[in-house]
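Ready for a few exercises at the bench? Keep the structure open beside you and try each task before you read its solution.

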Amino acid sequence: MATLTLDKVHSSLDFSIKHMVVSKAKGEFQDFDVDFSGDLSNLESSSIKVTIPVTSIDTGNEDRDGHLKAGDFFEAEKYPNMVFQSKSVKKVSDDEYKVTGDFTIKGETNEETFTVEYNGTSKSPLDGSTVAGFAVSGKVNREAYGMTYNAAVETGGMLLGKDVKFEGDFEFIVED
C-alpha cells in the first residue's frame, strides 16, 4: 500500500452551472485536499475523502464570489467546508471507476456518484518521483443542499440551473 500526497500545484477543481438558460457560469476552488487510502493496483479497495474550503471559490468576479459565500448559497461562515467521503469504488472499465459516497454541503448530506478516470503513474524526469493522476467528473443538484436561490428570466426559464457540474484533475506523489 502506497502513500499518496496530493500535488496541489498540478491539480485543479472546476465547476460550471447553467446561467440565464443559454450559457454557463464557471469557476474553480483554489483550495482543496484529497486524502487517498488504498492500493493503486486495487482501487476498488480505496477510500477517498475530499475537503473543499468554500471560501476558496473563485469565479473571476469578486461580487459573485461574495454572493456565493453568503446565505443564498454556501453560508461559508457557518459551513466552511464541503466534504465528500467515499463509500464504494466500482470498476467500470480498465481505467474508469464510479466512486459513490456521502457529499456534505451546507450541513446537508446526500449520496453522490462521480466518474473517476485513473490515468496511471509516471516517473518525473526532474526528480525521479512517481506520480499518479486521476480525472474526476460528475454533477450534483444544488437544491438538494438547500441552495435554492434563483430568479426567472424574461425569456422563460431560470437564472441558474439546478445541476452543478464538477471537473477535477488530481496529481499525487506516490511514496512506497
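Three exercises follow, each with a worked solution.

This is a predicted model, in which local features need pLDDT of at least 70, side-chain atom pairs count only at pLDDT 80 or more, and totals for chains, interfaces and linings use all residues. Residues are numbered from 1 along each chain as its sequence is written, and side-chain values use heavy atoms, with hydrogens and water left out.

**Exercise 1. Find which residues lie closest to the centre of the largest cavity, and sort its lining by class.**

Step 1: Start with the term. On a 1 Å grid over the protein atoms alone, a cavity is a set of points where a 1.4 Å probe fits but cannot get out, and lining residues have an atom within 4 Å of a point.

Step 2: The count gives one cavity of 30 Å³ or more, and the largest cavity holds about 380 Å³. A volume here is the space filled by probe spheres set on the points, which are joined across faces, edges and corners.

Step 3: Among the 20 lining residues, Ile48, Val50, Val116, Val136 and Phe170 are the closest to the centre.

Step 4: The lining has 19 nonpolar residues, one polar and no charged. Ala, Val, Leu, Ile, Met, Phe, Trp, Tyr, Cys and Pro count as nonpolar, Asp, Glu, Lys and Arg as charged, and the others, Gly among them, as polar.

Step 5: Strand 5 (42-53) gives the largest share, five residues. Strands are DSSP runs (E, at least two residues), numbered from the N terminus.

**Exercise 2. Work out which parts of the chain the salt bridge between aspartate 31 and lysine 8 ties together.**

Step 1: A salt bridge is a side-chain nitrogen of Lys or Arg within 4 Å of a carboxyl oxygen of Asp or Glu. The search finds six in the whole structure.

Step 2: Aspartate 31 and lysine 8 meet at 3.1 Å, N to O. Aspartate 31 sits in the loop between strand 3 and strand 4, and lysine 8 in the loop between strand 1 (3-6) and strand 2, so the pair ties together parts 23 residues apart in sequence.

**Exercise 3. Decide whether lysine 87 is buried, partly exposed or exposed.**

Step 1: Buried means under 20% relative accessible area, exposed over 50%, and partly exposed in between (1.4 Å probe, protein chains only).

Step 2: Lysine 87 has 52%, so it is exposed.

Step 3: Its salt-bridge partner aspartate 102, at 3.4 Å, N to O, is partly exposed at 29%.

Key: 1 Å grid on protein atoms, 1.4 Å probe; cavity = no way out; pocket = protein on both sides within 12 Å on 5 of 7 lines; lining within 4 Å. Helix = DSSP H or I, 4+ residues; strand = E, 2+ residues; numbered from the N terminus.
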